[in-house]
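Good morning, everyone, and thank you for making time for this. I would like to walk you through one structure slowly, looking at a few places in turn, so please keep the picture open while I talk.

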Amino acid sequence: MTKHVFQTEVNELLHLIIHSLYSHKEIFLRELVSNASDALDKLKYLTLTEDKFKKISFDPKIDIVFNDSSDGRSITILDSGIGMNEEDLIEHLGTIARSGTKNFLGKLTGDAKKDSNLIGQFGVGFYSCFMVADQVEVITRKAGEKEAYRWVSDGKTGFELDKTEKKEPGTEITLHLNEEGKEFANRWSITEILKKYSNHIAFPVYLHYEETTFDGEGDDKKEIKEQKTEQVNDATAFWKKPKSELKKKDYNEFYKTFSNDFQDPALHVHTQAEGALDYTTLFFVPEKAPQDLFYADYKPGVKLYVKRVFITDDEKELLPTYLRFVKGIIDSEDLPLNVSREILQQNRILDNIRKASVKKLLKSFQTLAKKDKEYIKFYEEFGRPLKEGYYQDRDNRELLEKLVRFKSTKAEGYTTLEDYVSRMQEDQKGIYYITGDNEATLRRSPLIEMYTKKDIEVLIADDEIDEIIIPGAAKYGDHDFKSVNRSNAGDELKKDDEPDEETLEKEVKPFIKKVKKVLGEKVKDVKVSSRLTDSPSVLVADADDPTFQMQEMMRAMGQAGMPDAKPILEINLDHPILKKMKGMRKSKDFDNATELLYEQALLLEGMKLENPADFVKRLNDVLTKSL
Ligand code: ADP
């Protein structure tokens with residue numbers, strides 16, 4: 001026998017489950033039956049595709065046995081599925097592999113820890129059985145291997161592992177019920193829970209129980225105990241049922257049987273296609289974004305079946321990456337059962353199913369978009385991946401550009417691009433947008449002063465991926481996107497009172513030179529601004545340079561080695577400060593004023609000062625003089 005300790009995260013998860021899901025204790029059965037069904041799916045696939053497994057007699061089913069005697073209540077779940085070997089046991093029932101879950105655990109604090117919906121989202125899985133059991137015993141043998149193992153744990157610190165005997169491959173999990181769990185050791189509770197959560201499991205689930213009847217009358221009356229077995233579930237592939245027979249409630253129930261989610265889905269899309277291609281798809285969009293949405297090792301939500309046989313739930317190419325929040329199934333009648341991964345990824349049939357599925361999904365989002373309030377709720381969860389799609393998916397550009405939303409200087413909440421264009425001024429040259437990471441800062445940025453004065457709308461692009469997706473999109477209809485953060489933006493909106501050639505040569509150019517000299521290497525250039533009215537200065541990126549936010553993002557993503565692109569300082573010659581400065585000789589005061597113009601522009605951009613102490617000193621010098 002060997003003793004193993006749980007990975008720290010498992011302990012945390014166990015603690016969390018026990019303390020936050022106590023009002024949903026019953027889900028332990030759903031989780032175990034769903035694991036059993038996955039294990040059957042995996043073995044079924046092997047028996048159909050691999051010679052080594054074709055010979056074994058495979059009777060896919062799940063059996064549930066319970067003991068309700070007061071000296072030891074227990075429930076046992078048996079499956080004839082793939083089973084686990086020693087390595088599998090250590091890896092699957094002792095660690096948490098996915099970083100999304102780990103990270104999620106790390107982020108949970110205070111009251112969030114008690115939010116069962118939040119916790120339900122990432123799937124509590126096997127460990128949920130410790131809500132109702134003080135000891136759990138797993139006896140399992142992997143199909144194709146001889147050795148069987150026994151895993152035992154009290155769900156506190158770790159588990160023990162032993163070799164044992166088991167005749168058939170598969171897994172047998174016995175829960176020795178605790179005070180909290182003893183109410184479940186009876187036929188009615190188990191049946192009720194299974195009907196509620198596991199009715200659509202594609203394999204039969206049998207409940208074994210003892211029935212007591214009486215024979216005879218009076219003194220002759222005899223108690224007869226009989227072992228009985230009842231199939232509790234429907235055991236048909238839910239998605240193959242005619243759509244006309246299915247109600248929203250049925251879809252919601254089915255969703256919960258396979259998604260680990262507690263909440264009803266936001267929407268479902270069911271397609272039963274016949275003709276050139278024969279396939280069924282059933283997709284769901286969860287109410288809340290999965291926790292691992294932005295991790296590279298996110299768990300794909302779509303399972304692939306071929307003629308109702310489960311093939312894989314670990315294939316990220318079934319839908320484009322940006323639709324990774326969609327959960328559901330694809331069941332094809334045309335694919336061969338033993339499709340390899342390589343074939344899957346370049347299979348024409350699958351490619352066509354994928355294309356049709358994407359269109360279907362995007363159209364259903366569009367239908368949702370007709371209901372503003374519901375759509376915004378959806379968009380706040382999934383807007384980001386949709387924007388990724390807007391950037392990546394050229395084939396569906398037209399659908400996606402109707403789905404993206406932006407904040408704006410002229411709209412409450414969000415606006416569509418279509419609405420923006422409908423509000424454009426007659427001679428407006430493009431769709432203006434400002435990027436940065438803080439909405440409040442952006443709304444007050446000097447960069448948009450001129451636009452506000454001229455009553456031109458500016459999109460407030462405060463999501464960091466806007467920096468990439470908007471320039472990537474380049475155009476909406478005939479209208480170019482124009483970044484207000486760049487030095488050439490708004491050239492077409494120049495102020496009317498441009499200085500004449502002579503003033504330019506005699507006054508402006510020498511002045512700019514003086515300012516430049518003070519700032520030296522800090523800036524790429526100094527220019528007269530055509531866009532400022534109230535503010536004295538602003539920093540912008542050169543037309544083809546990445547913006548500061550973009551540079552920050554690249555650095556955060558570890559893209560070191562990218563040369564720093566320096567900003568351009570734009571100054572407003574009509575501002576009183578600049579008017580005064582123009583009359584000054586180069587001096588300490590002039591230098592201070594120049595530095596302050598640069599530093600205040602940095603601050604307004606939401607950037608850090610290189611040297612706050614110097615800034616404060618300069619500011620104090622100026623204050624002292626002016627008071
Ligand atoms: P999840 O099912 O979300 O992966 P679980 O904690 O429920 O998480 O299970 C962890 C892993 O343990 C499963 O992915 C599977 O590999 C393995 N496992 C659990 N139950 C069984 C079973 N009955 N038969 C075979 N493997 C199982």
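Let us begin with helix 10, which covers residues 348-369, and helix 11, which covers residues 372-392, whose axes come within 8 Å and cross at roughly 140°. Helix 10 and helix 11 are therefore oblique to each other. I should say at once that this is a predicted model, so please keep that in mind for everything that follows.

If you look for the residues that make this contact, you will find L362, F365, L368 and A369 on the side of helix 10, and these meet D372, E374, Y375, F378 and L386 in helix 11. Sorted by class, the residues of this contact are seven nonpolar and two charged, with no polar residue among them.

Now let us move along the chain to a second pair, helix 17, made of residues 501-519, and helix 20, made of residues 588-604, where the axes come within 9 Å and the crossing angle is roughly 80°. Because of that angle, helix 17 is roughly perpendicular to helix 20. Here F511, K514, V515, V518 and L519 belong to helix 17, and the residues they meet in helix 20 are F590, D591, T594, E595 and Y598. The classes in this contact of helix 17 with helix 20 are six nonpolar, one polar and three charged.

Finally, let us turn to the ligand, and ask which of the 11 residues around the ligand come nearest. They are N35, D79, H92, G125 and F126. Taken by class, the shell around the ligand holds four nonpolar, four polar and three charged residues.

Some of the individual distances are worth reading out with care. In the side chain of D79, an N or O atom is 3.0 Å from a nitrogen atom of the ligand, while F126 places a backbone N or O atom 2.8 Å from an oxygen atom of the ligand. T171 also takes part, with a polar side-chain atom that lies 3.4 Å from a ligand nitrogen atom. As for cover, the ligand on its own has 530 Å² of accessible area, and the protein covers 82% of that area.

Definitions and conventions. Residues are numbered from 1 along each chain as its sequence is written. This is a predicted model: local features need pLDDT of at least 70, side-chain atom pairs count only at pLDDT 80 or more; totals for chains, interfaces and linings use all residues. Side-chain values use heavy atoms; hydrogens and water are left out. A residue is near a molecule or strand if one of its heavy atoms lies within 4 Å of it. A polar contact is a pair of N or O atoms within 3.5 Å; within protein, one must be able to donate a hydrogen and the other to accept it, and residues adjacent in sequence count only if both atoms are side-chain atoms. Accessible areas come from the Shrake-Rupley method with a 1.4 Å probe; for residues, only the protein chains shown count as cover. Ala, Val, Leu, Ile, Met, Phe, Trp, Tyr, Cys and Pro count as nonpolar, Asp, Glu, Lys and Arg as charged, and the others, Gly among them, as polar. Axes are lines fitted to C-alpha atoms, for helices over the stretch in contact, and angles run from 0 to 180 degrees between N-to-C directions. Helices (H or I, at least four residues) and strands (E, at least two) are DSSP runs, numbered from the N terminus. Angles under 35 degrees count as roughly parallel, over 145 as roughly antiparallel, 65 to 115 as roughly perpendicular and the rest as oblique. Contact means heavy atoms within 4.5 Å.
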